[in-house]
Amino acid sequence: MATETCPEDHQKDWREPVTDAERSIGRLVAEMTVAEKIGQMTQVSNESIAPAEVADYFIGSVLSGGNGNPTPNTPSAWVNMVSTLAEPATETRLGIPLLYGVDAVHGHSNVGGATIFPHNIGLGAARDEGLTERIGQATAAEMLATGIQWAFAPTVAVPQDIRWGRTYEGYGNDPALVSALGAALIRGLQSTDNGRRAVLACAKHFVGDGATLWGTVTPPDGVDWWDAWGDGWQIDQGDARISEEELRSLHLLPYIAAIEAGVMTVMASYNSWNGDKVHGHHGLLTGVLKQELGFGGFVVSDWMGIDQIDSSYETSVVTAINAGVDMVMVPENYRRFIEVMIGATSTGLIPMHRIDDAVSRILAAKSSVGLFGPQPEPPPLATIGSPEHRALAAEAVRRSAVLLKNDRALPIPSGIATIDVAGQAADNIGLQCGGWTVGWQGGSGPITAGNTLLDGLHASTVGNVEYDPTGRFSNRGRADLGIVCIAESPYAEGPGDCAAPGASNEDRAVFARMRKRCDKLILVIYSGRPLVIPDLIEQADAVVAAWLPGSEGAALAGLLAGVHPFTGRTSQPWPGSLADLGDAGATPLFATGDGLDLTAAHSADPLETR
Ligand code: GLC
């Protein structure tokens, strides 16, 4: 479709019956001043605004970005931070409630002590809609306990190149799987079953974020934050140079399922499509999403996403709003944004009916989750990280791990004398959680509550477990059985773009030490994507892809001990060489859908069958 410029937006066809909610929203919009309307379209970072200014500028939404945590990062501090920013909104002339948003992308993952579920690449390997929906419900409950009612999830990207730093945020490279699991999470988040309070979901990033080509990223001029990270971005926010047919068949499908599941917000994507920034693409945001697919919710921009449209900020604002962006995640210099919006509406560059359409959509979404009217008691703080939620997360860990190879090594034989465990990742919550955990880029070590693979092995009855992260075990001889756990260092977005996803030198050295001294060696991998490590896979007797399992890593021990069966299947092709990367026609070492059951006595070595 062409990128039409006429700002005709998707006005509700008022010949259709007007519901009471629409009537009351219509009346409310008619009451609002231009400043109040523009305020509703403004989303500000919690780190960039004082509570009083939320009222002064009639701000419609505040978010906590990846690092937008209170200090200390505790559930009660979150409750206090959110309520302090939300209360002034109710004291304005019209008292339109504030909508607070957060990246609850694998549980309420910014919050210290929250349950951290496996990242989406693992849930894609679990392939279980019911499990994913229950995770959405649990996530919503933990969010509501902190007073937050908007999750910037699910990511419904369909990653096509695993060098992308956001591969793990996608459920997999199959649009049908992504559609099913994205819809399931939306149902879970927005569920009102059993008296639940709904949380707004957000399907992101519309559209084509998983289709970008390596090397097509152009740092946006005039955007200073890029310099700090510029060496990272190689494919994230790049250009999706694909046909309309491929865009529709691979990357648009999950949004059709998301809309059918009732999603009320969609986040625009940083990427371009054949050179045109999606944030300014009327044909996609209005023509396809709102008019063709009938999306009745609102479109929120990404973080400074509109700034990349043009070197003139005013042009960027006018282009984005007229293209169909309804709320702008400014999120810092909101005074400038509001000033430009007031100017553009007074000159008619942005027609008032576009403003009214955007505000109506935003108010309808707020109303759909009960933000107007008396607010029920929130769930108790004990909901956050509750045993029930951690048990659900442990179930998800077991369902997501994939047994790639097993040459008479698993299950761990009963009665074995000692099991030597090595690799810092075997006892490191941060490495098993990955990015978007407590901090934007995640971290290493005990960054939040949880348990590790080592904890699980110690708690199991498999035998005497010895741990040396270096794998030297200098005071011991050979071992019957060894387990090495390797991990990618945590990352999020462009900083995670990687030309050669593989094992670190440190992890390789640990593996080599253990290979020499163990009769049987099991390799456990924590990663946001398949890693190109054919040599380690060949040398190991068994290989388990655990992806980024989250806070309940101990659950993996039950799989290794044969207490629970392996049922996971890869949701991305696993390359056998660097030459395979970015080559859709290459024959992978393991294909999407591969995975062994525990009962497999041993597998034909995949390297021998290439
Ligand atoms: C980020 C991400 C988006 C996230 C938003 C708010 O840049 O692209 O997925 O929801 O900013 O943190």
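Which residues touch the most other members of the largest nonpolar core? They are Leu523 and Trp574, in a core of 153 residues. The model is predicted. This briefing covers its nonpolar cores, then its ligand site.

**The largest core**
- Helix α7, residues 175-189, gives the most to this core: seven residues.
- Two domains take part. Domain 1 (31-372) and domain 2 (387-609) each supply at least three residues.
- In soluble globular proteins, nonpolar side chains tend to be buried together.

**Around Leu523**
- Leu523 touches Val484, Ile486 and Phe511.
- Leu523 also touches Ile533, Leu536, Ala540, Ala542, Val543 and Val544.
- These contacts leave out residues up to four places away in sequence.

**A second core**
- There is also a second core, separate from the largest one, with 35 residues.
- Among its members are Ala409, Leu481, Ala546 and Ala557.

**The ligand site**
- The ligand has 14 residues around it.
- Asp103, Arg166, Lys204, His205 and Asp302 come nearest.
- In Asp103, a side-chain N or O atom is 2.5 Å from an oxygen atom of the ligand.
- Asp302 places a polar side-chain atom 2.6 Å from a ligand oxygen atom.
- For Lys204, the distance from a polar side-chain atom to a ligand oxygen atom is 2.8 Å.
- How much of the ligand does the protein bury? Taken alone, the ligand exposes 300 Å², and the protein buries 96% of that.

Definitions and conventions. Residues are numbered from 1 along each chain as its sequence is written. This is a predicted model: local features need pLDDT of at least 70, side-chain atom pairs count only at pLDDT 80 or more; totals for chains, interfaces and linings use all residues. Side-chain values use heavy atoms; hydrogens and water are left out. A nonpolar core is a set of buried Ala, Val, Leu, Ile, Met, Phe, Trp, Tyr and Cys residues joined through side-chain atoms within 4.5 Å. Buried means under 20% relative accessible area, exposed over 50%, partly exposed in between (1.4 Å probe, protein chains only). Helices (H or I, at least four residues) and strands (E, at least two) are DSSP runs, numbered from the N terminus. Domain bounds come from an automatic or database domain assignment. Contact means heavy atoms within 4.5 Å. A residue is near a molecule or strand if one of its heavy atoms lies within 4 Å of it. A polar contact is a pair of N or O atoms within 3.5 Å; within protein, one must be able to donate a hydrogen and the other to accept it, and residues adjacent in sequence count only if both atoms are side-chain atoms. Accessible areas come from the Shrake-Rupley method with a 1.4 Å probe; for residues, only the protein chains shown count as cover.
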